[in-house]
Amino acid sequence: MGSSKLRSGSEEGRLVLFDMDGVLFDSEPLHLRAKRELLGRAEVELPELTASVGVSNRRFWEEMRTRFSLRESPEQLAQRQTERVLALLEREGRPSEGLLELLSFLERAGVRSAVASSSPRRLCEGALRRLGLWRRFCALSCGDEVPGEKPAPDVYLRALALCGCAPAHAVAVEDSSTGIAAARAAGLFCIGYRNPTSGVQNLARADCTVDHLLEIPAILEGLWTI
């Protein structure tokens with residue numbers, strides 16, 4: 001997907017779509033703690049849990065319920081995980097390093113920001129409010145608001161529709177192979193964010209990768225006239 005496609009999009013405005021978990025804040029360790037607590041199995045191998053990064057909580061709990069003969073439904077377990085993560089966020093949550101500076105750069109440049117996450121709306125909205133980020137985004141598209149979860153493009157297509165933006169005029173920021181697949185399927189230029197707490201993720205399908213969010217402004221300046 002070439003950058004020339006993006007340069008032509010200024011007449012419709014420009015948009016950066018952020019995944020939430022592992023991109024806007026370092027939430028994956030909180031999710032892992034919640035999953036371990038709910039499983040009641042501290043010995044569960046970390047690689048098995050980190051394999052669920054980018055996968056919806058419902059799908060994860062469907063697999064765990066079968067494997068460990070859990071009595072609660074996947075929906076009940078996913079809800080309990082959401083509540084536990086929100087509680088942890090209250091005490092320990094903070095935006096990813098460089099995120100506030102990146103959002104300020106986008107605002108100064110006239111580039112809108114939105115969120116496209118596999119997580120349910122209760123978790124997304126609760127997290128953004130707790131971290132003081134709620135008013136920094138023009139739209140929020142969540143996993144429980146669309147028919148298909150990542151790697152399907154649905155959550156991104158809904159975010160684009162909410163913002164009235166064509167895929168050619170938008171960029172996605174993702175930290176997982178599943179999320180990158182979803183962004184690409186939606187026709188988006190995708191920046192892969194190498195977050196060390198997201199496990200070993202294959203970011204090869206991203207158009208480019210960064211180790212820090214503050215590398216993104218330079219990439220956008222090369223794509224758009226900012």
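In the predicted model, leucine 15 stands opposite alanine 170 of strand S4. This pair belongs to the junction of strand S1 (residues 15-18) with S4, where the two strands run parallel and are joined by 4 bridges. On the S2 side of S1, leucine 17 has alanine 114 as its bridge partner. S1 and strand S2 (residues 112-116) likewise pair in the parallel sense, over 4 bridges.

These pairings are part of an open sheet of 6 strands, arranged in the order S3-S2-S1-S4-S5-S6 with parallel pairing. Strand S3 (140-141) and strand S6 (208-210) are the edge strands, and each pairs on one side only. Helix H6 packs on the sheet, where it touches S1 and S2, and its direction makes about 155° with that of S1.

Strand S4 (residues 170-174) is mostly covered, with 5 of its 5 residues buried. The cover extends to both faces: Ala170, Ala172 and Glu174 are buried on one side, and Val171 and Val173 are buried on the other. S4 is also joined by 4 bridges to strand S5 (residues 189-193), and these two strands run parallel. Within this pairing, phenylalanine 189 in S5 is the bridge partner of valine 171. The connection through helix H9 (residues 177-185) gives a right-handed β-α-β unit made of S4, H9 and S5.

Nonpolar side chains tend to be buried together in soluble globular proteins. In this model, the largest nonpolar core has 41 residues, of which Phe18, Leu24, Leu106 and Leu220 touch the most other members. Helix H6 (residues 99-109) supplies the largest share of this core, 6 residues. Leaving aside residues up to four places away in sequence, leucine 220 touches Val16, Phe105, Leu106, Val171 and Ile226. Another core, of 22 residues, lies apart from the largest one and includes Ala116, Val146, Cys163 and Leu188.

A further packing arrangement involves two helices. The axes of helix H5 (residues 74-92) and helix H7 (residues 121-130) come within 10 Å and cross at roughly 5°. Angles under 35 degrees count as roughly parallel, and H5 and H7 are therefore roughly parallel to each other. On the H5 side, the residues that meet H7 are Gln79, Thr82, Glu83, Val85, Leu86, Leu89 and Glu90. Their counterparts in H7 are Arg122, Leu123, Gly126, Ala127 and Arg130.

Technical notes:
Residues are numbered from 1 along each chain as its sequence is written. This is a predicted model: local features need pLDDT of at least 70, side-chain atom pairs count only at pLDDT 80 or more; totals for chains, interfaces and linings use all residues. Side-chain values use heavy atoms; hydrogens and water are left out. A nonpolar core is a set of buried Ala, Val, Leu, Ile, Met, Phe, Trp, Tyr and Cys residues joined through side-chain atoms within 4.5 Å. Buried means under 20% relative accessible area, exposed over 50%, partly exposed in between (1.4 Å probe, protein chains only). Contact means heavy atoms within 4.5 Å. Two strands pair if DSSP finds at least two bridges between them. A crossover is right-handed if, with the strands pointing away from the viewer, the path from the first strand over the helix to the second runs clockwise. Axes are lines fitted to C-alpha atoms, for helices over the stretch in contact, and angles run from 0 to 180 degrees between N-to-C directions. Angles under 35 degrees count as roughly parallel, over 145 as roughly antiparallel, 65 to 115 as roughly perpendicular and the rest as oblique.
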